[in-house]
Every structure is written in structure tokens, then in C-alpha cells.
Amino acid sequence: MTMNYYVRCKICGRITRVRYQLGYSKMHPVQYKCLCGITIRGFFLENKGLSFNNGIIENEEQSPSLLVTCSGEFLTVQPCRITEENSIALFMPSPYILSTQTLDYEAYREEFTRIINYRDTLKQIVDAINELYDSNNEPLLKVTLEKYSVSNGKPPILNNKADIFSAISKINQIQFYCNDGKDLVKKVQILLEKVIRENSEEFGKFAEYICSLNCVPSWENRIHKICEQIFVKIDMLMPAISVDFMKDHEEFDYDNWSLSTASFEDVKQLYVDLYELLCGLLILVIGLDNISQRKDFDAINSVGGLNVNNLHDVSKMRNKGNILKILESTAPFESLICSCLDADIRNSIGHFSYESKEIANEWGQKISFEDPFGQQPPIVLSLSRICHDIWQMYKTLGIFNEVIYQIEMYRFKKEGIIPTVKTEDQQIKKKKKIYPNEDCPCGSGKKYKKCCGKNK
């Protein structure tokens, strides 16, 4: 259902016809640029409709000078001026009709529901669990995990620190199990299992090296914090998430579409924070691909012009744009990393060297990213593309969560803290004798005699 609102700008007095697409979204921000240049900001709330901070909703139909289409779920057509020549624009199809013609609507609706349900029900619990873990409040942490972290209808077994960390990791990963058919977590789990099984000794060396950097606790905390930020602004990003479900996803033309829930200023810091964090985490996938392809975690694939000879050199690199140059697009782990990490855009934002104009019929929703050093032409991207890139970067964090989990579990086992095997799993394993030189059934990748069977 489409609702029509006639909104008068408090500054210039112009009327904008706002065509709002009602849908599943119960609340979200709304904003657009008036022809005078100011941003009209509002909010949609279920059962109350639209309201605006600096716009007045007129009770009667008016003659608009601008047409804006808004939706909390879909990308929309670009705003346009209303003249006698293009008055037919007032009768264009709704965002729902346009979107359902171009995307797998049922799949997107399921993903939309999953994301919002996570935001409204589980996210607060996950945030609380992470904060309890960071503050070392183990008694209350265990109580909270037992209450909310349920697997197969049963609470987790929390006999030791390894059990607790495992439960925390699993509940944090729930947000990354998406419905778009490109579940990165499942893919990286398969790759990790293969690396640990076939190169257990080298993976152990890699895990020990990563632990020696003393970065893992900081990485965990930063991942948790930025996931919190994403879901604070998830209503702003939601329309851009629909791009994942477009039938012509690879050929999608972002420039023809608009976003009515955010401005560039609303989301630019998310882009920078995600970029900085992901570039710092790249050492993890580079090391794993060194093991996978060269059987040596330290055997870096050298790049011309960079003085990088091993993984330790990567850890000391301060120019994160250069770390991106080391990535191999065909390597198993590195190929899972989103291709939208762009050092030039990050530098442009960091140096405030960009220009954002979103006035109808002039630029549309495009941002021009200038080279701070004046050596390259500007990069021009639409707001919908930037928001979609932010979502792709966020999803990539699920990969690193899984890698960190395996590294931490290796560390626990080396310290003699062995994860508890559930009773039903133990009963299954008792039916088959495990010989000393077989792989340990706990999944560590070690021989049974050097892991769970060490003291037996």
C-alpha cells in the first residue's frame, strides 16, 4: 500500500509529494533533500505514520514541486522535480511493484524478517554477553549463557573457559547466518576444517604466532562493538540490503536508485571503521592461505614494490592500502573477502576530501570522493552503493569471528583446557575405538594421542 503525504518545507515553503510504501518495517528514519538544499528529516512509526522535524504535513492535496518516493524496505526511484512536462511521474509504480519485478521478494522478505528479529530479540542479549565477557564477570556470564544460549533445545555445558568461549562465539555468529545463499560462515568453517585436518602442525604454529601478537582480545572487542553500531543503524541500511536479492545482482545499476532512510553523513563513519578493522584482520586469512597453498603460514606471496617477505612483515605494515595489494583473489580464504575495500575512498573520507550533493535532478544521491593528494580523478559512487558496500564489509566479519574461534580453541587446548564433549556425543564415540594415531574427534586436527587421549 502506498500513502501520499504533502510536506511543506519550513524554510522555503515548497511542497514535496512524499509517496510512502507501507510494508513490514515498523519504524525507520525518512529523509530527503528539498529543492532549496536543506534535508527534510522524519520518522515512520507503525500506527502513527510519518512525522517530520522540519517539514509540515498538509491536510489537503497540494501542488508539489518535488516528488520523493520513500520506503523502509526497498530502494526507490530518484527524486524528481514536477513540471508540466513530466507530471506523469506522479503516477509511476510503487517501490513494492518496481522491486518485486527485479528481486527475489520472498527470499528478501525472509532475510528482512531474520535481521529485524535478531535486532529486536537477540541483539540486546548478545551485547550483554559480550560486555560480561569483557568485564570478566564469569558467574553472571555463565548464568546468562545458560539462560539464552540454547542449542538443540538444551543449554550449553559450561565446565571451563573453553566451553564458555565456545558458547559466546556461537551466539555471536547467529547474526551472520544469512538467507541469501552466500553464507560466508559456513564456507569458512569448511575451509578451516580442511586446513586443520590436513595441516594441523602448521595451523598450530600459525595460531601460536597470532596469539603472540596480543591482538586477539582487541579484535574480538572491536568486532563486537562495530556489530553493535551496525544494528543501531540497521534501519538506515536495510533498503540497500535488498541488492543481495536482485535477479541481476552482478549488473545492478546503483545510479538509478535512491535511498530514503539515510544520508552519507549518517553512514560514512561505519565505512571507515569497518575498513580499518577488516584491513587489520586480513593477516588471518593471508596466513591461512599461506598454509593452504604453500604449507607454510609464514611463506608470503610477495608483491612487487612492497618490502614484505613473511607474515611478520604484514603485521608491521601501517599502510592498510598496501595490505590489500597482498590479497590473492583466487586464494581459498582471501577470495571470500569482499571486493569493496577501497583505500582511496577511505582516505578521501578521512581527509574530508569528498563532496555530497543529493538535490533532485542535479546529482541524485552521489558522492564524489576526491584524491586528497590530487593525483587521481575523483571516484563517484551512489549512496545506495556505499550502503550496500558497508553491509558486505559487515558480513565479512563472520569469517574472522570463525577464524578467531579456532585460534582461541587451540590456545585453550594447549593450556590444558579441553572443551567438554556432550554426553550424547561421547556415547556415539564410545561405539568406535579411537586409535592413538587417528585424528582427535574433538576437531583440533591433532592426533588423538597428542590431544584428548594424551592422559589416557
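A colleague questions a modeller about the labels used for this predicted model.

Colleague: What does the chain hold in the way of helices and strands?

Modeller: There are 14 helices and 13 strands. The chain has 456 residues, and 52% of them are buried. Of the contacts between residues at least 6 apart in sequence, 66% join residues at least 24 apart.

Colleague: Why is Cys12 called partly exposed?

Modeller: Its relative accessibility is 32%. Buried needs under 20%, and exposed needs over 50%. The value for Cys12 falls in between, so Cys12 counts as partly exposed.

Colleague: And why is Cys387 called buried?

Modeller: Cys387 has 1% relative accessibility. The cut-off is under 20%, so Cys387 counts as buried.

Colleague: How do you know that Cys12 is in no disulfide?

Modeller: Look at the sulfurs. The nearest cysteine sulfur to that of Cys12 belongs to Cys34, 3.5 Å away. A disulfide needs the two sulfur atoms within 2.5 Å, so Cys12 and Cys34 do not qualify. The structure as a whole holds 0 disulfides.

Colleague: What makes a residue stand out in the largest nonpolar core?

Modeller: Here, the number of other members touched. Phe206, Ile230, Leu284, Ile390 and Leu397 touch the most, out of 116 residues in that core. Helix 9, residues 264–294, gives the most to this core, with 18 residues. Apart from it lies another core, of 16 residues, including Val30, Tyr32, Cys34 and Cys70.

Colleague: Which residues are in contact with Leu284, leaving aside its neighbours within four places in sequence?

Modeller: With those neighbours left aside, they are Phe206, Ile210, Trp219, Phe400, Val403, Ile404 and Ile407.

Colleague: Why is Asn401 called buried?

Modeller: Its relative accessible area is 12%. That is under 20%, so Asn401 is buried. Asn401 lies in helix 13. Leaving aside neighbours within four places in sequence, Asn401 is in contact with Asn172, Gln173, Phe176 and Ile223.

Colleague: What makes Phe231 and Tyr394 an edge-to-face pair?

Modeller: Two values. The ring centres are 6.0 Å apart, and the planes make 80 degrees. Pairing needs centres within 6.5 Å, and edge-to-face needs planes over 60 degrees apart, so both conditions are met. Phe231 lies in helix 7, residues 216–232, and Tyr394 in helix 13, so the pair ties together parts that are 163 residues apart in sequence. Both Phe231 and Tyr394 are buried.

Colleague: Why is the pair of Trp391 and Tyr394 called tilted?

Modeller: The centres are 4.8 Å apart, and the planes are at 35 degrees. Stacked would need under 30 and edge-to-face over 60, so this pair is tilted. Trp391 and Tyr394 are 3 residues apart in helix 13, so about one helical turn separates them. Trp391 is buried, as is Tyr394.

Colleague: How many aromatic pairs does a search of the whole structure find?

Modeller: The search finds 23. Ring pairs also link Phe74, Tyr96, Tyr105, Tyr108, Phe112 and Phe245 into a cluster.

Colleague: How do you know that strand 11 pairs with strand 12?

Modeller: Count the bridges. There are 4 between strand 11 and strand 12, which covers residues 366–369. Pairing needs at least two, so these strands pair. They run antiparallel. Glu355 has Ser368 as its bridge partner in strand 12. Tyr354 stands opposite Phe369 in strand 12.

Colleague: And what joins strand 12 to strand 13?

Modeller: 4 bridges again, with the strands antiparallel. Ser368 stands opposite Val380 in strand 13.

Colleague: What makes strand 11 and strand 13 edge strands?

Modeller: Each pairs on one side only. Strand 11 covers 354–357, and strand 13 covers 379–382. The sheet is open, with 3 strands in the order 11-12-13. Its twist averages 20 degrees from one strand to the next.

Colleague: Which helix packs on the sheet by touching strand 11 and strand 12?

Modeller: Helix 9 does, and its direction makes about 145 degrees with that of strand 11. Helix 13, residues 383–414, lies across strand 12 and strand 13. Helix 13 runs at about 85 degrees to strand 13.

Note on methods: Residues numbered from 1 in each chain as written. Predicted model: local features only at pLDDT ≥ 70, side-chain atom pairs only at ≥ 80, totals over all residues. Heavy atoms only, no water. Core = buried A, V, L, I, M, F, W, Y, C linked by side-chain atoms within 4.5 Å. Buried < 20%, exposed > 50% of the residue type's maximum accessible area, 1.4 Å probe, protein only. Contact = heavy atoms within 4.5 Å. Axes fitted to C-alpha atoms, helices over the stretch in contact; angles between N-to-C directions.
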